[in-house]
Amino acid sequence: MTQLVVIDNKNHLKLKIDSNKAEQHGANLHLIPAVMSEFINIAVQYPLVITKNADTGQFVIAAMLGFEAGENLFWREEQWQGLYLPLQIRRQPFFVSNTDKNSDKGDYVICFDSNSPTISHDDGQGLFDDNGEESEYFQQAKSCLAQLLRGEVDNKRLLTHLEEMDLLQVMKMEITFANQQTTKLNGLYTIDQDKLANLSADRIANLHSEGLLQAIYTLITSLGQMHHLIDLKNKKCDC
C-alpha cells in the first residue's frame, strides 16, 4: 500500500533511492498511463490505447504491456526489457500532492512512497547534498513529475476534443495466440479513422492549431505494435 511522506531536507537529508528498482513498480501492470509528450517514444514499442478509469469513469490514455491484468510482457528475468521506460515508472517513488485536498488552489509538494522498494539509507541516489541542496537526481525527478502534471492537462484537452468530435470507438479485436489460446480485448477504445477522415477542413485545422493532430495520428500508428505484443506473448507461451 502506498504511504506518502512529504520530502524535506531536514528529515530526509540522508535518504537514498535505488533507481534501478523503480522498474519493479511496473512488473505486474498491463496498462500504464501515458501523457502526450511521451507518445512518440512509447509508440515505437508499445500500443497506445484509451480506456476508462475504474473509479471515475473518465477516459485515460495508457501504454498496453499485456493482454490481461497483472501481465507485463516487457518484464522478464526481473528486469524491464523495453527500450523506453514510461514516465509513470521513471518517476517512482515520487508523487505530487496538493496541500489543499479540497481545491486546486493549494501548493504542490513532492512526496515519496515510504513503502517503495526503491527506498534506502545506504545505497543509491541521494536527494540532497550535505548542505541540504537538491541533488541533480532529485531535480531530474521533479522535472519528470512536472512533465506528468502538464501531460495530464494535455491529455484532458485531447480527450475532450475526441469526445466532442465523436472520434472514439470501441476496439474490437479477437486474438489467437500460437498455443491456440484466444482473447478478446475488452474495455479499450481507439480512434475512429473513418470519422477522422471525414472531418471538415476547419476541424482538422483546429486540431492542428491545438497541437493535437500529431498525437491523434501517433495513437493510430502505435496500434501496429500490437503485433509485437502478440509476438512477446507467443514467445512466453513457448517457454
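Trainee: Which helices each supply at least two residues of the second largest pocket's lining?
Mentor: α2 and α3 do (helices are DSSP runs of H or I, at least four residues, and strands are E runs of at least two, numbered from the N terminus). This is a predicted model, where local features need pLDDT of at least 70 and side-chain atom pairs 80 or more, while totals for chains, interfaces and linings use all residues. Residues are numbered from 1 along each chain as its sequence is written, and side-chain values use heavy atoms, without hydrogens and water.

Trainee: Which of the helices gives the largest share there?
Mentor: α3, with six residues.

Trainee: What is the volume of that second largest pocket?
Mentor: About 250 Å³. Among its 15 lining residues, Arg90, Tyr137, Gln140, Ala141 and Cys144 are closest to the centre. A pocket is an open set of points on a 1 Å grid over the protein atoms alone where a 1.4 Å probe fits, with protein on both sides within 12 Å along at least five of seven lines; lining residues have an atom within 4 Å of a point.

Trainee: Now the largest pocket. What is its volume?
Mentor: About 1,300 Å³. It is lined by 41 residues, and Pro33, Asn53, Val60, Gln88 and Glu152 are the closest to its centre.

Trainee: Which elements each supply at least two residues of its lining?
Mentor: The strands β3 (31-33), β4 (48-52), β5 (59-64) and β8 (94-98), plus the helices α2 (87-90) and α3 (136-164). The most comes from α3, with 10 residues.

Trainee: How many of its lining residues are nonpolar, polar and charged?
Mentor: The largest pocket has 22 nonpolar, 13 polar and six charged. In the second largest pocket, seven are nonpolar, six polar and two charged.

Terms used: Points joined across faces, edges and corners; volume = space filled by probe spheres on them. Nonpolar A, V, L, I, M, F, W, Y, C, P; charged D, E, K, R; others polar.
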